[in-house]
Amino acid sequence: MKGETLAVAVDVFGRSVLLRTLLQRHGLSYPRDFTVFQVAGGTRGRLAAVTSGRLAAALLVIPTKNVIALEQD
């Protein structure tokens with residue numbers, strides 16, 4: 001994830017904080033090692049940003065992410 005842009009719902013709350021904390025525990029520091037980009041549309045919007053290649057990754061909610069991903073196959 002170093003040098004990548006990650007999709008978040010809102011830059012300062014909830015899952016965005018969780019994502020930054022998780023990556024920090026694995027040695028990546030925000031904003032030095034990665035950037036975040038706010039994506040509208042909830043889980044579907046973040047998944048679409050990642051699957052289209054616009055952004056590198058996103059933290060998605062289970063089971064919603066599984067259902068959406070399966071629908072796309």
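**View 1. K2, an exposed lysine with a buried partner.** At 63% relative accessibility, K2 lands in the exposed class, because the bar for that is over 50%. Through shared partners, salt bridges tie K2, R32 and D33 into one network. Keep in mind that this is a predicted model. K2's own link in that network is a salt bridge to D33, side chain to side chain, at 3.8 Å from N to O. The two ends sit in distant parts of the chain, 31 residues apart: K2 belongs to the segment before strand 1 (5-8), and D33 to the loop between helix 1 and strand 2.

**View 2. D33, the acid in the middle of the picture.** Look for D33 in the loop that runs between helix 1 (14-25) and strand 2 (35-38). Is D33 buried or exposed? D33 counts as buried, since its relative accessibility is 4% and the cut-off is under 20%. Setting aside neighbours within four places in sequence, D33 touches M1, K2, G3, E4, G27 and L28. So K2 turns up twice around D33, as a contact and as a salt-bridge partner, with the cut-off for contact being heavy atoms within 4.5 Å.

**View 3. R32 and D33, side by side in sequence.** Here D33 pairs up with R32 in a salt bridge, and the closest N and O atoms are 2.8 Å apart. The side chains of D33 and R32 also make a polar contact, again listed at 2.8 Å. How exposed is R32? R32 has a relative accessible area of 62%, so R32 goes down as exposed, while D33 is buried at 4%.

**View 4. The salt bridges in the whole structure.** How many salt bridges does a search of the whole structure find? The search comes back with 2. One joins D33 to K2, and another joins D33 to R32.

**View 5. Zooming out to the fold around the close-ups.** Starting at the N terminus, the elements go β-α-β-α-β-α, which gives the protein 3 helices and 3 strands. Of its 73 residues, 27% are buried, and D33 is one of the buried residues. Among contacts with a separation of 6 or more, 58% are between residues 24 or more positions apart. The accessible surface adds up to about 4,800 Å², with 57% of that belonging to carbon and sulfur atoms.

How values were computed. Residues are numbered from 1 along each chain as its sequence is written. This is a predicted model: local features need pLDDT of at least 70, side-chain atom pairs count only at pLDDT 80 or more; totals for chains, interfaces and linings use all residues. Side-chain values use heavy atoms; hydrogens and water are left out. Helices (H or I, at least four residues) and strands (E, at least two) are DSSP runs, numbered from the N terminus. Buried means under 20% relative accessible area, exposed over 50%, partly exposed in between (1.4 Å probe, protein chains only). Accessible areas come from the Shrake-Rupley method with a 1.4 Å probe; for residues, only the protein chains shown count as cover. A polar contact is a pair of N or O atoms within 3.5 Å; within protein, one must be able to donate a hydrogen and the other to accept it, and residues adjacent in sequence count only if both atoms are side-chain atoms. A salt bridge is a side-chain nitrogen of Lys or Arg within 4 Å of a carboxyl oxygen of Asp or Glu.
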